[in-house]
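Student: I am new to this structure and would like a close look at just one part. Please show me how oppositely charged side chains pair up, and what surrounds the residues involved.

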Amino acid sequence: MRLSDTFLTATQNLGRRKVRTVLTSIGVFVGILTVVTMVSLGVGIQQQVTDTIKQLGLQTVFVTPRLSGTSGGTVNVTGTGRIRPAVPLNNDAVAKIGQVTGVISVEVMLSLPTPPGMTVTIDGKTLPLSLADRSPQANLFEQPTTFLAGNALPGSADARGIVLGGKVLQSAGYTDNDLAGLVGKAATITVTAPRGEQQTFDTTIVGVSQGFNPAQLGNADKLAIKEWWYNDPNILETDGYSAAIVHTDSLNSATVVSRTIQDDMGFDSATLQTFLDQVNRIFSILQVMLSSIGLLALFVASIGIVNTMIMAIYERTREIGILKALGSSNGEILRMFTIEAGLIGLLGGIVGVVLGWGLGVILNAVIRGYFKSQQVPIDAPFFVVTPELVLAALAFATFVGVVAGLYPAFRAARLNPLAALRHE
């Protein structure tokens, strides 16, 4: 029997019991639907993160000081503990980094202790203030800030000014038309220390961001607050900046600069390429975990395929005997039933992929609508069905069908032709 004849016979046999074939394939398509949906979610999020990292440029190097312990008390929930690095990332160190071959520019980041309360006063209106004080790596997972007025703060050491969230200002009575007029206005920040003391700091509004984004404060303003907080005018020299972002002229330079900073200057450093590799490894593990949910459904589906094929053998025992009497070999019988089982898996895989893709389209539309209503500037899809995912899902569904059909197929191939012909 030719292979084409075997496929034709297997297809016709499945068509005899259409309802049973469809019901058996339901378990497969539920499993594939789950796998495609979960994996497409992981792929979508991974693409967003990797695209954001690549947009920043893989030639970027993150530099952080190595912490050797605490001074002036242990770190506590009020943020009053002071941690001094082994080698401070101060202005002298930043200047030294800027002289390394291949370095184009250096941005610095200064962290503040967490105060019990901060407010900002504009035009006599006092608003609660929450500052954005994250690590540079954490910013990779955020979408670029959309500005309703003004501009972003530079990462230079002498940067002054404050960027406020538009929603916070609107809650204080400012309209969209008022926001542009706020840029350049004076603002007063009031900081309350745990000891009950208060101090005001004058600054200027340089921008208004969309949504409820935390406020951003210039490094020079942060330094003034930190010097008062610890009552130490030389704190920058002894404690330094919390991090620096080094921009190099190429990916190769980034690797060399990172190694130089780490080995020769005593700081911890990591390139975006290193971080990207770590992200990809994490998402690979995440996709395996997400896929395991659908694998359970596929395991149950495989039991259904075994049951269906065994029932088919009982129903077609005489037919198998006739085929053997006409010269069909055990291998041909084995191949025919294996192909039938594989086609059941393939049918379920096709339906599962189509429904998984459709579900992803619907969920992407719902998520976009929600983010748009919340004025969150995220438009990238969260569920991404790639061609590789489609082919892998179909191949795996077929594989599950074939494996599940092996035992029934071997049973059919071992049937004695004379006993099969006498079977009622």
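Tutor: Happy to help; we will go through the pairs one by one and pause at their surroundings.

This is a predicted model, in which local features need pLDDT of at least 70 and side-chain atom pairs count only at pLDDT 80 or more, while totals for chains, interfaces and linings use all residues. Residues are numbered from 1 along each chain as its sequence is written, and side-chain values use heavy atoms, with hydrogens and water left out. The pLDDT is the predictor's confidence in each residue, from 0 to 100. Over the protein chain it averages 80, and 85% of the residues score at least 70.

Now to the pairs. A salt bridge is a side-chain nitrogen of Lys or Arg within 4 Å of a carboxyl oxygen of Asp or Glu, and a search of the whole structure finds 3 of them. To place them we need helices (H or I, at least four residues) and strands (E, at least two), which are DSSP runs numbered from the N terminus.

Start with D221 and R160, whose closest N and O atoms are 3.1 Å apart. D221 belongs to helix α6 and R160 to the loop between β7 (147–150) and β8 (162–165), so the bridge ties together parts that are 61 residues apart in sequence. How well covered are the partners? Here buried means under 20% relative accessible area, exposed over 50%, and partly exposed in between, using a 1.4 Å probe and protein chains only. D221 is buried at 5%, whereas R160 is exposed at 54%.

Stay in helix α6 for a moment, since N219 lies there too. N219 is also buried, at 7% relative accessibility. Its side chain makes polar contacts (pairs of N or O atoms within 3.5 Å; within protein, one must be able to donate a hydrogen and the other to accept it, and residues adjacent in sequence count only if both atoms are side-chain atoms). A polar atom of the N219 side chain is 3.1 Å from the backbone oxygen of V108, and the side chain also reaches the backbone nitrogen of L110 at 3.4 Å. Beyond four places in sequence, N219 is in contact (heavy atoms within 4.5 Å) with residues including M109, G155, S156 and A159.

Next come K185 and D123, with their closest N and O atoms 2.7 Å apart. K185 sits in the loop between α5 (176–182) and β9 (186–192), and D123 in the loop between β5 and β6, so this pair ties together parts that are 62 residues apart in sequence. Both are partly exposed: K185 at 31% and D123 at 47%. D123 has a further feature, a positive phi of about 55° although it is not a glycine. Most residues other than glycine have a negative phi.

Finally, R66 and D268 meet at 2.9 Å, N to O. R66 is in the loop between β1 (60–65) and β2, while D268 is in strand β13 (residues 267–271), so the bridge ties together parts that are 202 residues apart in sequence. R66 is partly exposed at 31%, and D268 is partly exposed at 32%. Read the surroundings of R66 with the confidence values in mind: strand β2 (residues 67–71) has the lowest mean pLDDT among the elements of the chain, 52. Over residues 69–80, pLDDT stays under 50.
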